[in-house]
Every structure is written in C-alpha cells, then in structure tokens.
Amino acid sequence: MTSIISTRKLACIMVALYHLGCTTLGSPSKSDNLSEQQIKGTGTNSFLRAIDPFPVLDKKGNQYHTVFSGGFNVPRPQFVDIDDDKDLDLFLQERTNELSFFENVGSPTKSDYIWKTDQYENLSIGEWSRFIDFDRDGDLDLFAEEPFSYIKYFLNNGTASSPNFVAVNDSVRDIQGEPVFADRQNIPSINDLDCDGNWDLFLGRVEGTITRFEISPETRNHIPQFEFIENNFQGIEILGQFGSLHGANSMSFSDLDKDGDLDFFWGDFFEPGVLYIENTGSCSNPLFLREPSTINPINTSISTSGYNAPLLEDIDSDGDLDLFVGVLGGAFNPNLSAVENFHFYENTDDGFIEKTKRFIYTLDFGSESIPVLADLDSDGDLDMMATNKISPTDNATAQLFYFENTGTLTNPQFEERANIPLFENYHYAPTLGDLDNDGDLDMLVGTWNKGIGFFRNKGTKYKPNFVLEDTRSITLTRGSNSAPTLHDIDDDGDLDLFVGESSGEINFYRNEGSPENPAFELISDRFADIDVGRRSFPAFADLDSDGNYELLIGSETGEVSLYREITNNGEISFKQDSSFTLSLNNYSTPVIADVNNDGKVDIISGSLGGGLLFYYGR
C-alpha cells in the first residue's frame, strides 16, 4: 500500500542523529579476527553481523565478550570437540531450529570461546539436540527434535575435523516401525549406560518418569532403530519442589564420583536446583536406588527459576567433571533468571565452587530489549541506552540502562554508568528529540499498557536530567506495547510522532503545535495500511543517501519490513519494497546510524533474548 503526505523536501533535523542516523559518525577499527556473519539482505542494502565491533564495559570496568550476541533467556549448552583439535567447543541453543557455535580458540586447560554462527550448518534441530558418535566411526553425529516431539538423526559423513551432517530419514523409529515419541520440552540423553556396547536412549516424561530404549541389532545402513525396554526406568519418579507436580525436564548421565559408572542428573520445571542420583551399581549393572538429592556447591546453593539443564564436562582438563547449568526458566519466576542463566561450577577437591552465572559474558538486559543511540553529553559522539521488558531484579518495572561513549568518533568505547530512573511501568520504549526547542534532548517513553510518557530534560545538553511531566501524553486508540519514534515528516520544523504497537500497525500523530510546544494530533491509527503481524517497531533512515527517508519496521517474528519514500510534485508517499529482506531475532527493534563513518548506515537491534545485535551496512 502507499500513503501520501503533502510536504516540502525533508531536512535532516536534530532528532535524526538520535534515532534515525542521518549524521555521519566515526568508525571503529575493524579487527581482522572479528566474528562476523553475512545475513539475509536483498534489494539495495545488505548487512554484515559483527559480535565484538568495539569495546563495551560494565559498571565495574569489566569488558563484555561476545558483546552483541542478542542475549540468552533459555540457553541449552553442549560441549564437544567438533573440530578434533583436542579441546571442547561450545554449542548453545537459544531459539527454535538454531544452533549457535562458539569455537574454543584457547587450549584444553584454558578455554577461550569465539562466536562463529547462530545457525551451525543450517541444521534444523527443533527444540533440542545431542551430539554423539552414534556409528562409532570417530566423528560426531547428531540427534535432534523432529517437530513436533519426534526425533531426527543426522549422520556425519564428513570427518572428525570437518563435519558434514546429513539428515537420515524423517524420524527415528522403533522396531515396529513407529516413530519414537519424545516430548519436545524434555531434553533426552543417549549413552551406553550398561556398558554393553549398545546405545541407550532415555526420554524424560512430564509425569516425572523415564522411558528407556536400546538400539536394536536390526539397525542397518546408518538408520537408527530402537527397541522399547521400559516406561518406568528403575522406578525413578521425580517430584518437584511443589510435591506432586511434574513438568518439563532435562537429564544427563556422567561419572561424577569417578567409580567407572554413570550417575544421573535431572533438572525439572518445578525444581530450582539440580537433582542427583548416585549409581550404586556398576557399569554393567547400574542401580539408582537412592532418593534424589540436590547438588549444593560450597558456600552457596543452586536456586534458580527452575527447569535447569545440567551438563558435566571436564572443561579445564584437570581430571574431574565441572558442572554447567543452563537455566530455561520454570515455576519460580523465569524473569529472575533472564540474565543469570548460564552457570559454571568448578569441581575442586572440596566440591563445586561457583565461578559465574554468566559463562558467556554478553550484553544482556533481561528480555525484549530496545536500544537507543544519542549524544547525551554533547561531546560529539553517540552514547547508548537500552531497556527491557521487566527488570530481572525488580518485578515492578522495566529499566533504562546507560552506556557513555568514552572513546572517539573513530574508535567508540561504551562504559556502563548508573541507570536512568524513569517511572514504574513495563516494556520501556524510549525515543529522544528536542521537543521544546531549547537545545537539549527530551524523551518520550512507550510502555506496555500505559501509553507514552513525556520526560522533559530539565538539566542541560551536557548533563541531562529527565523529569516526568505527563505519564500519558499519548494514549493509543487500541492495543498495547507503544513504540514511538520522532520524525519531521512534513518539514515544518517540528517533530511528528509515529508509534508502533502490539497489533503490528503504525499510528501517525502530526505535530500541530510548534517546536517549543508540541501538540500531537492523531491522523491515522493505520498509517499506510501497514501491518507487520505483531509488535511493530518503526524507525526512519536515509538508507541509500538519496535525501529521501525510508521507514523500517521491526516485528515479533524478527523480520524487518522496508517502506521507501517516493517524492512526486512535492508530495511524499511510502511504499513497501518487497525486494528488501532482513531477518533479525524475534522482537526486532532496529535503530539505524552510520557508526563506522563509511557513508553506509548500520543497525543495532534489540531482541527477545534481552541482548543487542549489531550489523555493519554493506
């Protein structure tokens, strides 16, 4: 569809620097070893993802690593030596059908993980995956979920150092030819528990029991075929902390006590810790007769929001198994673990010691993040802000984080400062602009269901002080999740307002006031008949430096839509460019600026995972 607005030629005004990016900025040095990935982009623009394009430091001065990963909410980790270099690489699943790969470029005794891709070999893995040398040929094969709640097998027909995974058949089956059913929310385990040379398959059930299969002797031509053994393995029945409740679960088997047999570890939706049952039998005759106990590290406890995915690996090659826990979020308020959800406990002579709750120390604000770029201190470079859905430390409100740019135009470096206090609301969505023509930046803040608040800057352009003047300066005609952006669409010298919302449409408010006293009047709550599905997030930018502004819109699916500006006889219209495709993470919130001063705009976007993504323009 096309929307037409009568106007003169647009000018690049102050707000463009802060949300739109029409002003050229300095370039960070691009290191040769940057982790980068070309993403889908067609039409006249494409973008290159960069994970560590410039330094970002926390409040204590510690540098984030894998800075722009997008954040983690439900990390499901695995450690395997995928390149046969004798150290453990890391695979991590955060999103459906995506497997992130972090190469260990350190050593077997001191790991150093570098992000390589979020879509390892473009494997479609559903909700879980497990690496194992199933055909015992010296390289790793892969099992994964076949939607919905079945099992897929990938044969590695490459080598141990250069794998190539090929899907075999449509689903793993039993000896009757029926697909093996595995609840998709439960992460299974494949191992040779009884040391008979045959693989065993263990499936957790939501009832708290375990179903066991064993590979059939009839397996031929690399096609797995399993034989059902029992539905209630060794009488194990896991009860969550609430007594009779069971739920989604994850299990693993490892020889923790180094007695030559595999012990049992379990995480459950209704259990805040990790449960452990010692194998008191032997390798050939395993016995799990004791009641489950919780693993308690020294001087602390594992107490998360529940649904923990335990994993034991000797990460430092010291001869004992260390403990890793991916926190997927269960019955105990998942928001509390929206940031601290990848725990590492080192195994020492005295027991497990907590080393970190953020094994990959990436930028992460919780969930549903939104970035903002603005020169908040008027020193000529862009500072950065970011918000979240709900604060992981305060369930009553969202948060606004502030990072000062302490670098230069050509080499930015962001250091976290004190949070900027706003008001008690959820889903902050801020945008900045000089709304009273006094030379400093004011702020509009969208919210979940309380409209848009107005914060006047009563400080200075060097040291802002945002003071709430109107909790609901704008109230949507319908819907929630207001996402405002300011842009002088009619070139009359004042800022007009565009607002995304939960319905996926765009609201347009013309400023019928003045540069000193804005008065936003609703023109359309279905601007240009745009509908991106759900959770529209608008941003304006001159992508191709032709003097015309394009409208980019993020969405719940992560797909970014592009509407190009067309000028004809003094009239401006916006029409969708269907040739442009840009796929970001879910709940994309793109902000556009030329960060590296190459004349091409770059993108920073928030995501469902609560972190940020960064893309260089190409």
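Strands here are DSSP runs of E at least two residues long, numbered from the N terminus. With that in hand, here are some close-ups of this predicted model.

**Close-up 1. Asparagine 122 sits in a loop with a positive phi.** Asparagine 122 belongs to the loop between strand S8 (113-117) and strand S9 (129-132). Its phi is about 55°, a positive value even though asparagine 122 is not a glycine. Exposed means over 50% relative accessible area, so asparagine 122, at 65%, counts as exposed.

**Close-up 2. Glutamate 368 has a positive phi too, but is buried.** Here the loop is the one between strand S25 (351-356) and S26. Phi of glutamate 368 is near 55°, and this residue is not a glycine either. Buried means under 20% relative accessible area, so glutamate 368, at 10%, goes down as buried.

**Close-up 3. A cis peptide bond links proline 147 to phenylalanine 148.** Omega for this bond is near 0°. Phenylalanine 148 is found in the loop between strand S10 (141-146) and S11.

**Close-up 4. Strand S6 is wrapped up on both faces.** S6 covers residues 89-93, and 5 of those 5 residues are buried, so the rest of the structure largely encloses this strand. In a regular strand, side chains alternate between the two faces of the sheet. In S6, Asp89, Phe91 and Gln93 take one side and Leu90 and Leu92 take the other, and all of them are buried. Strand S5 (residues 76-80) runs antiparallel to S6 and is joined to it by 5 bridges. Strand S7 (residues 100-104) also pairs with S6 in the antiparallel sense, over 3 bridges. Leucine 90 is a handy landmark: it stands opposite phenylalanine 79, and its bridge partner in S7 is phenylalanine 102. The hairpin of S6 and S7 has 6 residues between the strands, and asparagine 97 in this hairpin takes a positive phi near 65°.

**Close-up 5. Strand S30 is mostly covered as well.** S30 spans residues 429-433, and 5 of its 5 residues are buried. Ala429, Thr431 and Gly433 point one way, while Pro430 and Leu432 point the other way. S30 pairs with strand S31 (residues 442-446) in the antiparallel sense, using 5 bridges. To find the register, look for proline 430 and its bridge partner in S31, valine 445.

**Close-up 6. Five strands make an open, mixed sheet.** Read across, the order is S4-S29-S28-S27-S26. Strand S4 (56-57) and strand S26 (370-374) are the edges, each pairing on one side only. Inside the sheet, strand S28 (residues 400-405) and strand S29 (residues 414-416) pair in the antiparallel sense over 3 bridges. Phenylalanine 403 stands opposite glutamate 416 in S29.

**Close-up 7. The largest nonpolar core has 23 residues.** Phe134, Phe143, Ile151, Leu201 and Phe226 make the most contacts inside this core. Strand S11 (150-156), strand S15 (200-204) and strand S16 (210-215) are the elements that each give two or more residues to it. S11 gives the most, with 3 residues. Take phenylalanine 134: beyond its neighbours within four places in sequence, it is in contact with Asp141, Phe143, Tyr153, Trp199, Ile215, Pro224 and Phe226. A second core, separate from this one, has 22 residues, among them Val67, Phe401, Val591 and Ile604.

**Close-up 8. Glycine 453 is completely out of reach, at 0% relative accessible area.** Glycine 453 lies in strand S32 (residues 452-457). Leaving out residues up to four places away in sequence, glycine 453 touches Phe423, Met443, Leu444, Val445, Asp470, Thr471 and Ser473. Phenylalanine 68 is 385 residues from glycine 453 in sequence and 29 Å from it in space, C-alpha to C-alpha.

**Close-up 9. Leucine 582 is buried in strand S42.** This strand consists of residues 582-583, and leucine 582 has a relative accessibility of 1%. Glycine 558 is 24 residues away from leucine 582 in sequence and 8.4 Å away in space, C-alpha to C-alpha.

**Close-up 10. The largest cavity has a volume of about 180 Å³.** A search of the whole structure turns up 5 cavities of 30 Å³ or more. The largest cavity has 17 lining residues, and Ile370, Asn481, Arg535, Phe537 and Thr589 lie nearest its centre. By class, its lining is made of 6 nonpolar, 8 polar and 3 charged residues.

Methods. Residues numbered from 1 in each chain as written. Predicted model: local features only at pLDDT ≥ 70, side-chain atom pairs only at ≥ 80, totals over all residues. Heavy atoms only, no water. 1 Å grid on protein atoms, 1.4 Å probe; cavity = no way out; pocket = protein on both sides within 12 Å on 5 of 7 lines; lining within 4 Å. Points joined across faces, edges and corners; volume = space filled by probe spheres on them. Nonpolar A, V, L, I, M, F, W, Y, C, P; charged D, E, K, R; others polar. Buried < 20%, exposed > 50% of the residue type's maximum accessible area, 1.4 Å probe, protein only. Helix = DSSP H or I, 4+ residues; strand = E, 2+ residues; numbered from the N terminus. Pairing = 2+ DSSP bridges. Core = buried A, V, L, I, M, F, W, Y, C linked by side-chain atoms within 4.5 Å. Contact = heavy atoms within 4.5 Å.
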